[in-house]
Amino acid sequence: MTSILEVKGLRKKFYQLEAVAGVDFEVREGEILGLIGPNGSGKTTLFDCVTGIQRPTAGDIYFMGKRITRLKPHAVYKLGVGRTFQLVQLFPGMTVLDNMIMAIQESEGTLLSRLFKLDESDDVKKAIELLEFLNIIHLKDEFAKNLSYGQQKLLDLGMVLMSDPKLIMLDEPMAGVNATLGKEIGERLIELNARGCSFLVIEHNMRVVMNLCHRIVVLDGGKKIAEGLPEEIQDNEQVLAAYFGG
Ligand SMILES: Nc1ncnc2c1ncn2[C@@H]1O[C@H](COP(=O)(O)OP(=O)(O)OP(=O)(O)O)[C@@H](O)[C@H]1O
Ligand SMILES: [Mg+2]
């Protein structure tokens, strides 16, 4: 199987602390790969390295066969890597629809001129289709700040989808979301996956991880301690020890 993302010997040091301490793994094309591990195990830092927000101390990252190590965030985004953050990043005082439009970092013209030309734009059509897909179309004229946290997470996902990413990296997509909306988000991810989107997902909720992910990589103290199918990870001694002490 072809890999869409390859991470080789990745390291990130913050002064004395090695947050990512030599990690190798791949996301295969068409797969949903889960990235799990206790708090502080280096998951978000690894995301930051892949998306160009942090410069790795060592190692290499390949996206669709192209070396992307140390590319700027914008360049990684343009290649087709979408990402959400652990805490949603929206424009709270703007409407849901305007948030979707703002998410396209690479359209013609300035942000303002894009907002003024809304009616003519294909971006609007796309935004509306995505809001329909995410079942939040009824909120399109609502200010983002008035949405529930779960609805904000859906909007956050919608904003990522505006760029048609080939790989979507989600940092805790269900955290703080009620069970109904969590299920909704999970279903949308599975549908996007069926349409050909690959995923790398950080998630603490084990039930979600086990149901959603095809394979799982486990980090502890910046190192990969296990990798395998959900059922293999579930009973892995080292993983249990990392989570529950031992
Ligand atoms: N910018 C930074 N400067 C210094 N240390 C950092 C920085 N970012 C993260 N760290 C440290 O690196 C380690 C890994 O943090 P990281 O946020 O990657 O963990 P995580 O696995 O995402 O944890 P969580 O599950 O709590 O989100 C932690 O010890 C953290 O304090
Ligand atoms: Mg994190």
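The legends below describe several close-up views of a predicted model.

Residues are numbered from 1 along each chain as its sequence is written, while chains are lettered from A and ligands numbered from 1 in the order in which they are written. Because the model is predicted, local features need pLDDT of at least 70 and side-chain atom pairs count only at pLDDT 80 or more, whereas totals for chains, interfaces and linings use all residues.

**View 1. The protein chain as a whole has ten helices and ten strands.** Helices (H or I, at least four residues) and strands (E, at least two) are DSSP runs, numbered from the N terminus. The C-alpha trace spans about 55 × 40 × 35 Å along its principal axes. A compact globule of 246 residues would have a radius of gyration near 18 Å, and the 18 Å of the protein chain agrees with this; the radius is taken over C-alpha atoms, and the globule rule is 2.2 Å times the number of residues to the power 0.38. Buried residues make up 38% of the 246 residues, where buried means that 20 or more other C-beta atoms, placed from the backbone, lie within 10 Å of the residue's own, exposed that 12 or fewer do, and partly exposed that the number is in between. Two residues are in contact if their C-beta atoms, placed from the backbone, lie within 7 Å, and among contacts between residues at least 6 apart in sequence, 67% join residues at least 24 apart.

**View 2. The shell around ligand 1 draws on β2 (17–28) and α1 (43–50), each of which supplies at least two residues.** The residues around the ligand are F14, L17, A19, G37, N39, G40, S41, G42, K43, T44, T45 and Q86, a residue being near a molecule if its C-beta atom, placed from the backbone, lies within 6 Å of it. Helix α1 gives the most to this shell, with three residues. By class, the shell has three nonpolar, eight polar and one charged residues, with Ala, Val, Leu, Ile, Met, Phe, Trp, Tyr, Cys and Pro counted as nonpolar, Asp, Glu, Lys and Arg as charged, and the others, Gly among them, as polar.

**View 3. Helix α5 (residues 122–133) has buried residues on one side and exposed residues on the other.** The buried residues of α5 are A127, L130 and L131. They cover an arc of only 100 degrees around the axis, which puts them on the same side of α5; the arc is that of the directions from the helix axis to the C-beta atoms. An α-helix has 3.6 residues a turn, so residues three or four places apart point the same way. On the other side of α5, D122, K125 and E132 are exposed. The buried residues pack against α3 (96–102) and α6 (149–161). At 1.5 Å a residue, the twelve residues of α5 should span 16 Å, which agrees with the 17 Å between its end C-alpha atoms; the expected span is 1.5 Å times one less than the number of residues. Just after α5, N135 takes a positive phi of about 60 degrees.

**View 4. Helix α6 is largely enclosed by the rest of the structure, since eleven of its 13 residues are buried.** These buried residues are Q151, Q152, K153, L154, L155, D156, L157, G158, M159, V160 and L161, and they pack against β6 (81–83), α3, α5, β7 (167–171) and α7 (179–194). The end C-alpha atoms of α6 are 18 Å apart, in agreement with the 18 Å expected for its 13 residues at 1.5 Å a residue.

**View 5. A144 is placed in the loop between α5 and α6.** With 23 other C-beta atoms within 10 Å, A144 is buried. Leaving aside its neighbours within four places in sequence, A144 is in contact with L90, F91, P92, M94, V96, N99, Q152 and L155. A144 and D98, which are 46 residues apart in sequence, are 9.2 Å apart in space, C-alpha to C-alpha.

**View 6. Two loop residues other than glycine, M64 and R70, have positive phi values.** M64, in the loop between β4 (58–63) and β5 (66–67), has a phi of about 50 degrees and counts as partly exposed, with 16 C-beta neighbours inside 10 Å. R70, in the loop between β5 and α2 (73–79), has a phi near 70 degrees and is partly exposed, with 14 other C-beta atoms within 10 Å.
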